[in-house]
Amino acid sequence: MATQKVTVELPQAIFQQLALIARATQQPLEVLVAQSIVSNLPPTPDNAPVEIQEELLKMQIWDLEELLAIANSQITSEQQKRHTELLEKNSTVEELNKSERQELSDLRTKADRLMLQKAYAWSVLRWRGHKIPNLNEMPL
(Lines give C-alpha, C1' and ligand atoms only; values in the text may rest on other atoms or scores of the structure.)
Protein backbone atom coordinates (compact mmCIF):
# COMPACT_ATOMS: atom_id res chain seq x y z
CA MET A 1 0.00 0.00 0.00
CA ALA A 2 1.31 3.43 -0.92
CA THR A 3 1.86 5.78 1.98
CA GLN A 4 1.85 9.51 2.48
CA LYS A 5 3.74 11.42 5.13
CA VAL A 6 1.74 13.68 7.44
CA THR A 7 3.08 15.82 10.26
CA VAL A 8 0.71 16.20 13.19
CA GLU A 9 1.30 18.19 16.34
CA LEU A 10 -0.06 16.37 19.38
CA PRO A 11 -0.44 17.54 22.95
CA GLN A 12 2.39 16.17 25.07
CA ALA A 13 0.03 13.99 27.14
CA ILE A 14 -1.38 12.24 24.05
CA PHE A 15 2.10 11.71 22.61
CA GLN A 16 3.30 10.21 25.88
CA GLN A 17 0.27 7.90 26.03
CA LEU A 18 0.90 6.71 22.47
CA ALA A 19 4.62 6.23 23.15
CA LEU A 20 3.86 4.24 26.31
CA ILE A 21 1.42 1.96 24.47
CA ALA A 22 3.87 1.55 21.57
CA ARG A 23 6.62 0.42 23.96
CA ALA A 24 4.28 -1.86 25.92
CA THR A 25 2.99 -3.54 22.76
CA GLN A 26 6.39 -3.46 21.03
CA GLN A 27 5.00 -1.65 18.00
CA PRO A 28 6.56 1.24 16.14
CA LEU A 29 4.93 4.49 17.16
CA GLU A 30 4.01 5.19 13.53
CA VAL A 31 2.11 1.88 13.28
CA LEU A 32 0.18 2.59 16.46
CA VAL A 33 -0.72 6.12 15.30
CA ALA A 34 -1.87 4.83 11.89
CA GLN A 35 -3.90 2.08 13.57
CA SER A 36 -5.50 4.64 15.89
CA ILE A 37 -6.46 6.85 12.96
CA VAL A 38 -7.92 3.96 10.94
CA SER A 39 -10.01 2.73 13.87
CA ASN A 40 -11.42 6.21 14.42
CA LEU A 41 -12.32 7.18 10.87
CA PRO A 42 -15.94 8.11 10.22
CA PRO A 43 -18.12 5.30 8.89
CA THR A 44 -18.20 4.78 5.15
CA PRO A 45 -21.15 3.55 3.10
CA ASP A 46 -18.97 1.32 0.90
CA ASN A 47 -21.00 -1.80 1.65
CA ALA A 48 -24.35 -0.13 1.00
CA PRO A 49 -26.04 -0.29 -2.41
CA VAL A 50 -24.53 2.24 -4.81
CA GLU A 51 -27.82 4.10 -5.22
CA ILE A 52 -27.90 5.08 -1.52
CA GLN A 53 -24.18 5.70 -0.84
CA GLU A 54 -24.23 9.42 -1.68
CA GLU A 55 -27.29 9.93 0.52
CA LEU A 56 -25.56 8.18 3.41
CA LEU A 57 -22.38 10.22 2.98
CA LYS A 58 -24.43 13.43 3.24
CA MET A 59 -25.53 12.26 6.68
CA GLN A 60 -21.96 12.95 7.86
CA ILE A 61 -22.76 16.68 7.95
CA TRP A 62 -26.21 16.37 9.52
CA ASP A 63 -26.66 17.88 12.95
CA LEU A 64 -27.50 15.86 16.04
CA GLU A 65 -31.26 16.35 15.78
CA GLU A 66 -31.39 15.19 12.16
CA LEU A 67 -29.34 12.09 12.91
CA LEU A 68 -31.43 11.21 15.96
CA ALA A 69 -34.63 11.72 13.99
CA ILE A 70 -33.64 9.16 11.36
CA ALA A 71 -32.02 6.83 13.90
CA ASN A 72 -35.25 6.71 15.91
CA SER A 73 -37.64 6.68 12.97
CA GLN A 74 -39.87 3.76 12.08
CA ILE A 75 -41.99 2.77 9.16
CA THR A 76 -45.61 3.70 9.72
CA SER A 77 -47.97 1.24 11.34
CA GLU A 78 -50.06 1.32 8.16
CA GLN A 79 -47.04 0.27 6.08
CA GLN A 80 -46.18 -2.46 8.61
CA LYS A 81 -49.74 -3.76 8.54
CA ARG A 82 -49.95 -3.73 4.75
CA HIS A 83 -46.56 -5.42 4.43
CA THR A 84 -47.70 -8.18 6.78
CA GLU A 85 -50.98 -8.59 4.90
CA LEU A 86 -49.19 -8.97 1.58
CA LEU A 87 -46.63 -11.38 3.03
CA GLU A 88 -49.39 -13.52 4.54
CA LYS A 89 -51.36 -13.51 1.33
CA ASN A 90 -48.23 -14.41 -0.61
CA SER A 91 -47.50 -17.36 1.70
CA THR A 92 -50.94 -18.92 1.22
CA VAL A 93 -52.37 -20.47 -1.91
CA GLU A 94 -53.56 -17.05 -3.04
CA GLU A 95 -51.19 -15.46 -5.48
CA LEU A 96 -50.49 -11.78 -5.44
CA ASN A 97 -51.55 -9.90 -8.51
CA LYS A 98 -49.03 -7.76 -10.37
CA SER A 99 -49.82 -4.55 -8.50
CA GLU A 100 -49.68 -6.34 -5.12
CA ARG A 101 -46.29 -7.87 -6.00
CA GLN A 102 -45.03 -4.41 -6.91
CA GLU A 103 -46.48 -2.95 -3.70
CA LEU A 104 -44.81 -5.68 -1.64
CA SER A 105 -41.51 -5.03 -3.40
CA ASP A 106 -41.83 -1.27 -2.82
CA LEU A 107 -42.63 -1.73 0.87
CA ARG A 108 -39.63 -4.04 1.26
CA THR A 109 -37.37 -1.55 -0.50
CA LYS A 110 -38.57 1.29 1.76
CA ALA A 111 -38.02 -0.82 4.87
CA ASP A 112 -34.54 -1.87 3.72
CA ARG A 113 -33.60 1.73 2.88
CA LEU A 114 -34.79 2.94 6.27
CA MET A 115 -32.83 0.18 8.00
CA LEU A 116 -29.64 1.27 6.21
CA GLN A 117 -30.28 4.94 7.02
CA LYS A 118 -30.90 4.11 10.69
CA ALA A 119 -27.75 1.98 10.95
CA TYR A 120 -25.66 4.66 9.29
CA ALA A 121 -27.12 7.40 11.49
CA TRP A 122 -26.26 5.38 14.60
CA SER A 123 -22.73 4.78 13.31
CA VAL A 124 -22.21 8.51 12.67
CA LEU A 125 -23.58 9.30 16.12
CA ARG A 126 -21.24 6.73 17.70
CA TRP A 127 -18.30 8.15 15.75
CA ARG A 128 -19.17 11.60 17.10
CA GLY A 129 -19.00 10.22 20.64
CA HIS A 130 -22.68 9.72 21.43
CA LYS A 131 -23.80 6.73 23.44
CA ILE A 132 -25.63 4.12 21.41
CA PRO A 133 -28.57 2.48 23.19
CA ASN A 134 -28.66 -1.26 23.77
CA LEU A 135 -30.52 -3.33 21.21
CA ASN A 136 -33.56 -3.73 23.46
CA GLU A 137 -33.67 0.08 23.92
CA MET A 138 -33.70 0.88 20.18
CA PRO A 139 -36.88 1.50 18.26
CA LEU A 140 -37.47 -1.11 15.57
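This is a guided tour of one chain, moving from the whole model to a few residues that can be selected in turn.

**The whole chain**

Begin with everything displayed, and keep in mind that this is a predicted model. Colour the chain by secondary structure and you should find six helices and zero strands, so that, because helices are numbered from the N terminus, you can follow them in order along the pattern α-α-α-α-α-α. Turn the model slowly to see its proportions: along its principal axes the C-alpha trace spans about 70 × 35 × 25 Å. The radius of gyration of the chain is 22 Å, whereas a compact globule of 140 residues would have a value near 14 Å.

Next, switch on the surface, where the chain exposes about 11000 Å², with carbon and sulfur atoms supplying 57% of that area. Of the 140 residues, 22% count as buried. If you colour the charged side chains, you will be looking at 15 positive and 19 negative ones, and the centres of these two sets lie 3 Å apart. Among the contacts in the chain with a separation of 6 or more, 59% are accounted for by residues 24 or more positions apart.

**First stop: A19 and the loop after α1**

Select A19, which has its place in helix α1. Is A19 buried or exposed? Its relative accessible area is 13%, and because buried means under 20%, A19 counts as buried. Now add L32 to the selection and draw a distance between the two C-alpha atoms: A19 and L32 are 13 residues apart along the chain, and their C-alpha atoms are separated by 8.8 Å.

Move along to Q26, which sits in the loop between α1 (12-25) and α2 (29-39). With a relative accessible area of 74%, Q26 is exposed. Its backbone also deserves a look, since Q26 has a positive phi of about 55° although it is not a glycine. Most residues other than glycine have a negative phi.

**Second stop: L56 in helix α3**

Select L56 in helix α3, which covers residues 50-58. At 3% relative accessibility, L56 counts as buried. Which residues does L56 contact, leaving aside its neighbours within four places in sequence? Show P45, A48, L116, Q117 and Y120, for these are its contacts. Then add A121, which is 65 residues from L56 in sequence but lies 8.3 Å away in space, C-alpha to C-alpha.

**Third stop: Q117 in helix α6**

One of the contacts of L56 was Q117, so select that residue next; Q117 lies in helix α6, residues 98-127. Its relative accessible area of 13% makes Q117 buried, because the cut-off for a buried residue is under 20%. Not counting residues up to four places away in sequence, Q117 touches I52, E55, L56, M59 and I70. Display the side chains of Q117 and E55 together, and you will find a polar contact of 2.3 Å joining them. To finish this stop, add Q53, which is 64 residues from Q117 in sequence and 10.0 Å from it in space, C-alpha to C-alpha.

**Last stop: E66 in helix α4**

Finally, select E66, which lies in helix α4, residues 64-71. At 39% relative accessibility, E66 counts as partly exposed, because that class lies between the cut-offs of 20% and 50%. Add A34 and draw one more distance: E66 and A34 are 32 residues apart in sequence and 31 Å apart in space, C-alpha to C-alpha.

Conventions
Residues are numbered from 1 along each chain as its sequence is written. This is a predicted model: local features need pLDDT of at least 70, side-chain atom pairs count only at pLDDT 80 or more; totals for chains, interfaces and linings use all residues. Side-chain values use heavy atoms; hydrogens and water are left out. Helices (H or I, at least four residues) and strands (E, at least two) are DSSP runs, numbered from the N terminus. The radius of gyration is taken over C-alpha atoms; the globule rule is 2.2 Å times the number of residues to the power 0.38. Buried means under 20% relative accessible area, exposed over 50%, partly exposed in between (1.4 Å probe, protein chains only). Contact means heavy atoms within 4.5 Å. Accessible areas come from the Shrake-Rupley method with a 1.4 Å probe; for residues, only the protein chains shown count as cover. Lys and Arg count as positive and Asp and Glu as negative; His and the chain ends are not counted. The place of a charge is taken as NZ of Lys, CZ of Arg, CG of Asp or CD of Glu. A polar contact is a pair of N or O atoms within 3.5 Å; within protein, one must be able to donate a hydrogen and the other to accept it, and residues adjacent in sequence count only if both atoms are side-chain atoms.
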